[in-house]
Every structure is written in structure tokens, then in C-alpha cells.
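Please look through the sequence and the structure shown here, and then work through the exercises that come after them.

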Amino acid sequence: MGFAKYATVYALNLEQEMERRASLLMERVRSLCVVLSLYFLWSSLLSDPSKSFLGYSRSQMLTYVLGLAILRALVLTNRSFELTWEIARGRLSSLLLRPVHVFGYQLALDLSDKTIRVLAALAEVMVLVWIFDAKLYWPAQFSTFVLAGAAVVLAVFLYYWIGLALASSGFWSAESIGFLWAASLFMEFCSGAFFPLDVLPDVLQKTLRLLPFPYLVFFPLNIYLERLEPARIAEGLVLLAAWIAVFIVMVRLLWSRGLAEYQAEGG
């Protein structure tokens, strides 16, 4: 019965999102422009198939770029902006009165958003591959698909909990949307959603490895491209799980304190 409630939320939001065709279209156009600019950039830099850049072959780099389109839609999508607005404007009360858990409700909304955007991204990538006759990189071992898939699933949940942590800022500030926008842009940059993090100086790369963000995009794509040793993959998966645990604890603490103040203020 509990699962059915969230399945209904998922289906209803899916229907609502499909009705907002203009908004979805503009979002996909923006995403497509980013992917095309990166594709043409790296295609030009690696015009000679025999050359490589920072260890990336032409097929690996172009696969990385096209993979960004899918992971942006699958991983870097959540409802933190809307949730922050609802908290700051006092609209969270209506959700708290419903027979659902806020976190489960938010996850159902996130998954429905991701479903639409991933399907759109897959269609876009297939069209681009057909138009440009792109030679993609395919892993030699089936285990690579499994490990990359596991990393993506963990990355989805990590970004979900990060989004909830950021959304909690609405409890203390009614003007936190700017903060969320800056934080989202920072996370995209640090996740490798604009370019492979290998292009950064070694000092920055080592610093970023201490943060959770490279494990959202850069890490799963490098697993798929078979650029990581088994030990490095195992370490990354453990760190992903550890960061999820950290943010779960953080979110529960932030929301516990935030809801206490929110209810007191509402009363």
C-alpha cells in the first residue's frame, strides 16, 4: 500500500510534466546546445583518430561527451529548487498533512522527472550518433556495464540526498534560490559535466577527489570507458556509498531542526 501511494505520485507528475511541452522543449534545446558545443570542440581537437588527449582516444572522448547528455538527465536532475520554494513560502505544510513521507514523495517526483528527461536524452543521442556517424566506445567486458550501472545508481541517490540537503536552506532563508543555483553550477563543474576532470591541474584533481561531486558523472563515465583500475573502481564505489550515508545523516539533522523551527513559526 505504501509503495502504491508513491507510484501514484510518480504517474501523476509524469502526466503533468508531459503537459508542459514548451518548458520541456526549451530545457532539451539548452541541453542539446551544450552537448553539441562540446561535441564539435572535442571532435575538432581529436580530428585525427590515431591521436589521443590525456589518454582519451577520439571514440572515448566523444562517448564521454554524449554520455554527459544522458547522465545530466539521469543524475543531475532533482526538485530541490521547487522544494526550497515551497518551504520558504510556507507551502510545505500542505505536504506534511498528506499521508506520505516528504522524502519518499520527493523521490517519486524526481524519478518521474528523470524518466522523461532520460528518454529525451537517449533519443537525442541516437539522432546525433546517426547524423554524425559517431564511432562510440564500447567496453570489452560485460562486467564494465555492471560496475558502471552500479556507479550510476549510487550517483542518482547521492545527488538526491544532496538536493534535499540544499533544499533545507529554505527553512532559514526565503531568498535561497540564488544559493541553490550557484551550488548547482558548482556541482556540475566539479562533477565533470562540462569536461573531463583530467584537464585540470593535479592539485585540483586531488582536491576534488575528496569531495562527492566527481563521483556523480566523471567516475561512472570513466568506469564505462575502462580507464580505471579495479582497485580504483572499488574505492570509488565505497566512497559513493559513504557519501550517501553522510548526506543521509546530514539531511535528517537539517530537516529535524528545520521542521522544528518551521512548525513553531507556523504555530
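The exercises below deal with the overall build of this predicted model and then with a patch on its surface.

**Exercise 1.** Describe the order of the elements in the protein, and decide how its radius of gyration compares with the globule rule.

Solution. Begin with the count, which is eleven helices and two strands. Read from the N terminus on, these elements follow one another as α-α-β-β-α-α-α-α-α-α-α-α-α. The radius of gyration is 20 Å, close to the 18 Å that the globule rule gives for 267 residues, so the protein is as compact as a globular protein of that length. Along the principal axes, the C-alpha atoms fill a box of roughly 70 × 40 × 35 Å.

**Exercise 2.** Find what share of the residues is buried, and what share of the accessible surface belongs to carbon and sulfur atoms.

Solution. Of the 267 residues, 45% count as buried. Turning to the outside, the accessible surface comes to about 14,000 Å², and 68% of this surface belongs to carbon and sulfur atoms.

**Exercise 3.** Which residues form the nonpolar patch on the surface, and is V127 buried, partly exposed or exposed?

Solution. The patch is formed by F40, V127, W130, I131 and F132, which together have about 560 Å² of accessible area. Helix α6, spanning residues 102–132, gives the most to this patch, with four residues, and V127 is found in that helix. For V127 the relative accessible area is 43%; because buried means under 20% and exposed means over 50%, with partly exposed in between, V127 is partly exposed.

Notes:
Residues numbered from 1 in each chain as written. Predicted model: local features only at pLDDT ≥ 70, side-chain atom pairs only at ≥ 80, totals over all residues. Heavy atoms only, no water. Patch = residues over 30% accessible without salt bridge, like charges linked within 9 Å, V, L, I, M, F, W, Y side chains within 5 Å. Areas by Shrake-Rupley, 256 points an atom, 1.4 Å probe, with all protein chains shown as cover. Salt bridge = Lys/Arg side-chain N within 4 Å of Asp/Glu carboxyl O. Buried < 20%, exposed > 50% of the residue type's maximum accessible area, 1.4 Å probe, protein only. Rg over C-alpha atoms; globule rule 2.2 N^0.38 Å.
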